[in-house]
Amino acid sequence: MADGSLNYVALEKRVSEYALKTSDTDRPGTLERWSFLAGWIVAGTSALVGTLIGGKVGLYIVWTGLAAELICFLITIVCLVRREWRTFHRPHELYSKELEENFHGYRELVRWVCEHPIDDIGQRLRYLRDRKLTFAYRFGVITGGMERYGLLPVLVVLYLQFKDWSFGDWQALGHVHIVGGLLLWMLVILYMGAWSLVRLKSRMDTYEVLLAEALLSKEQEAKGA
């Protein structure tokens, strides 16, 4: 029997340790994460500041922001391709190996949860599911199905930004009105916040899976006793 009652803080600690052991090769690196974040920040800031200043100075700011935005997103894409190349090269072999390695760590987590009383596990699971319902409603109101779209909003914004632009028409890049600049900046903030919420939701799903599996194991053990 584990020392102390089951709590979410201890569960998070165990899950974090498990994630570090199993996901180091698949997680985006520092350069990939920060280049993606920098691309969004530069895009919104340059458009807003350039619009507020106006004139040639504002146009130069927009040009600089555009170049930096494209460079940051290019770095992100290169890092993504390098990170995922092994998966595309030998998808079945690598994925089956990853599943096998992760399975043993997952079973260790379930066994640790099973060391706690069945009533405690059941109460934690029911409470978590109730909180997820509330979280899902608030999450949907703010971001909709952001986790379903992935990078699609980025492509949509880039399309809207350049759909009427022809190469060489640099003056057109400075014709961003104040409302458009503010909307772009708000989109940057909401998009980054949405992905933070996606990560939180994913972690809650992991808690739920572990608690549900442990509860099922305890119930089967009680029936067989």
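Biologist: How much area does the protein chain expose, and what share of it do carbon and sulfur atoms supply?

Modeller: Accessible area is computed by the Shrake-Rupley method with a 1.4 Å probe, and for residues only the protein chains shown count as cover. Here the protein chain exposes about 14900 Å², of which carbon and sulfur atoms supply 64%. This is a predicted model, in which local features need pLDDT of at least 70 and side-chain atom pairs count only at pLDDT 80 or more, while totals for chains, interfaces and linings use all residues. Residues are numbered from 1 along each chain as its sequence is written, and side-chain values use heavy atoms, with hydrogens and water left out.

Biologist: How many helices and strands does the protein chain have?

Modeller: Helices (H or I, at least four residues) and strands (E, at least two) are DSSP runs, numbered from the N terminus. The protein chain has 8 helices and 0 strands.

Biologist: What percentage of the residues is buried?

Modeller: Buried means under 20% relative accessible area, exposed over 50%, and partly exposed in between (1.4 Å probe, protein chains only). Of the 225 residues in the protein chain, 31% are buried. Cys72 counts as buried because its relative accessibility is 13%; Cys79, at 18%, counts as buried too.

Biologist: How many disulfides does the structure hold?

Modeller: A disulfide is a pair of cysteine sulfur atoms within 2.5 Å. The structure holds 0 of them.

Biologist: Is Glu17 buried or partly exposed?

Modeller: Glu17 has 38% relative accessibility, so it counts as partly exposed. Glu17 sits in helix α1, residues 8–22. Its C-alpha atom is 9.7 Å from that of Gly105, although the two residues are 88 apart along the chain.

Biologist: Which residues of the largest nonpolar core touch the most other members?

Modeller: A nonpolar core is a set of buried Ala, Val, Leu, Ile, Met, Phe, Trp, Tyr and Cys residues joined through side-chain atoms within 4.5 Å. The largest one has 18 residues, and Leu6, Leu11, Val113, Ile121, Leu210, Leu211 and Ala214 touch the most other members. Two or more residues each come from α1, α4 (91–114), α5 (118–143) and α8 (178–224). Helix α8 gives the largest share of this core, 6 residues. Another core, of 5 residues, lies apart from it and includes Phe36, Trp40, Phe73 and Val188.

Biologist: What is Ala214 in contact with, leaving aside its neighbours within four places in sequence?

Modeller: Contact means heavy atoms within 4.5 Å. With those neighbours left aside, Ala214 is in contact with Val110, Val113, Cys114 and Ile121. Across the protein chain, among contacts between residues at least 6 apart in sequence, 89% join residues at least 24 apart.
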